[in-house]
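Open the model in your viewer and keep the selection tool ready. We will go stop by stop, picking residues as we go.

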Amino acid sequence: MAAPVCQVCGFGLQAEGAGEGPDGDTCGACMVSPPRFDRARAMLAYDDASRPIIIAYKRASRLEATPLLTRWLLAAGRDLLADADLIAPTPLHWRRLLGRRYNQSAELARRMAGFETIPYAPDLLHRTRATRSQGGLSPAGRKRNLTGAFKLNERWRDRITGKRVLLIDDVLRQAPPSNAALPC
């Protein structure tokens, strides 16, 4: 049996700090400061054990890991996939794409869409500017770094109205636990 997770961010819940949200259990961080997305799930906790796997996949052309990582992602995001109308990857800036030779998020999204027969939109978003690596940045620094970095491809605007888009990215950082008092 899987440990309970926040129905918003997908991170593990602890007994204290968990509350009853609109869709079930919600962590304190999401209750106090709701993210700009509806729901998220992660296939792995990004920690000292998983970091080498993710970094090798991103930067060392370890594409042979795609089938296994896709299966893990499918299992972790089963509830999100059930509601998705479209799957799209987080785009890389063209210079970073040239350096890596592939977009790891696009590889995962394309394969997931094929398994689930959900339409795949590889060009839904595009990077408007290069950004520095998110590694080592504070939550506020990551937000500043990405502000204005993505734009919707206008050809998709009418096609996504009222649709649920499942956006695939390679890393989801957990917000630090909030020390703020939870509303009653």
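Start by selecting Arg110. Arg110 is partly exposed, because its relative accessibility is 44%, and that falls between the cut-offs of 20% for buried and 50% for exposed. Keep in mind that this is a predicted model.

**Stop 1: a pair within one helix**

Add Glu107 to your selection. The side chains of Glu107 and Arg110 form a salt bridge, at 2.7 Å from N to O. Look at the backbone next. Both residues sit in helix α6, three residues apart, which is about one turn of the helix. Side chains of opposite charge can pair when their charged atoms come close.

**Stop 2: a pair between two helices**

Now select Glu116 and Arg78. Here is another salt bridge between side chains, this time at 3.1 Å, N to O. What does this pair tie together? Glu116 belongs to helix α6 and Arg78 to helix α4, so the pair links parts that are 38 residues apart in sequence. Check how open each one is. Glu116 is partly exposed, with 24% relative accessibility. Arg78 is also partly exposed, with a relative accessible area of 45%.

**Stop 3: one more salt bridge**

Select Arg51 and Asp48. Their side chains meet in a salt bridge of 2.7 Å, N to O. Buried or exposed: which word fits Asp48? Asp48 is exposed, because its relative accessible area is 64%. Arg51 is partly exposed, at 31%. How many salt bridges are there in the whole structure? A full search finds eight.

**Stop 4: a nonpolar patch on the surface**

Select Ile53, Leu68 and Trp72. Together they make a nonpolar surface patch of about 240 Å². Pick out Ile53 alone. Ile53 lies in helix α2, residues 51–59. Ile53 is partly exposed, with a relative accessible area of 37%.

**Stop 5: the largest nonpolar core**

Go inside. Select Leu73, Leu81, Ile87, Leu108, Met112, Leu166 and Ile168. These have the most contacts inside the largest nonpolar core, which has 17 residues. Colour the elements that give two or more residues to this core: α3 (66–76), α4 (78–83), α6 (104–116) and β6. Which element gives the most? The answer is α6, with four residues.

Zoom in on Leu81. Setting aside neighbours within four places in sequence, Leu81 is in contact with Leu74, Ile87, Met112, Glu116, Ile118 and Leu166. Glu116 is the residue from Stop 2, where its side chain met Arg78.

**Stop 6: a strand with two faces**

Select strand β6, residues 165–168. Show the side chains and follow how they alternate. Leu166 and Ile168 point to one face and are buried. Val165 and Leu167 point to the other face and are not buried.

Now add β3, residues 86–89. β3 and β6 pair in the parallel sense, over four bridges. Select Ala88 and look across. Ala88 stands opposite Leu167 in β6.

**Stop 7: a buried histidine**

Move on from β3 to His93. Where is His93? His93 lies in the loop between β3 and α5 (94–100). His93 is buried, because its relative accessible area is 10%, and the cut-off for buried is under 20%. Finish by showing what His93 touches. Apart from neighbours within four places in sequence, His93 is in contact with Arg127, Arg129 and Ala130.

Key
Residues numbered from 1 in each chain as written. Predicted model: local features only at pLDDT ≥ 70, side-chain atom pairs only at ≥ 80, totals over all residues. Heavy atoms only, no water. Buried < 20%, exposed > 50% of the residue type's maximum accessible area, 1.4 Å probe, protein only. Contact = heavy atoms within 4.5 Å. Patch = residues over 30% accessible without salt bridge, like charges linked within 9 Å, V, L, I, M, F, W, Y side chains within 5 Å. Areas by Shrake-Rupley, 256 points an atom, 1.4 Å probe, with all protein chains shown as cover. Salt bridge = Lys/Arg side-chain N within 4 Å of Asp/Glu carboxyl O. Pairing = 2+ DSSP bridges. Core = buried A, V, L, I, M, F, W, Y, C linked by side-chain atoms within 4.5 Å.
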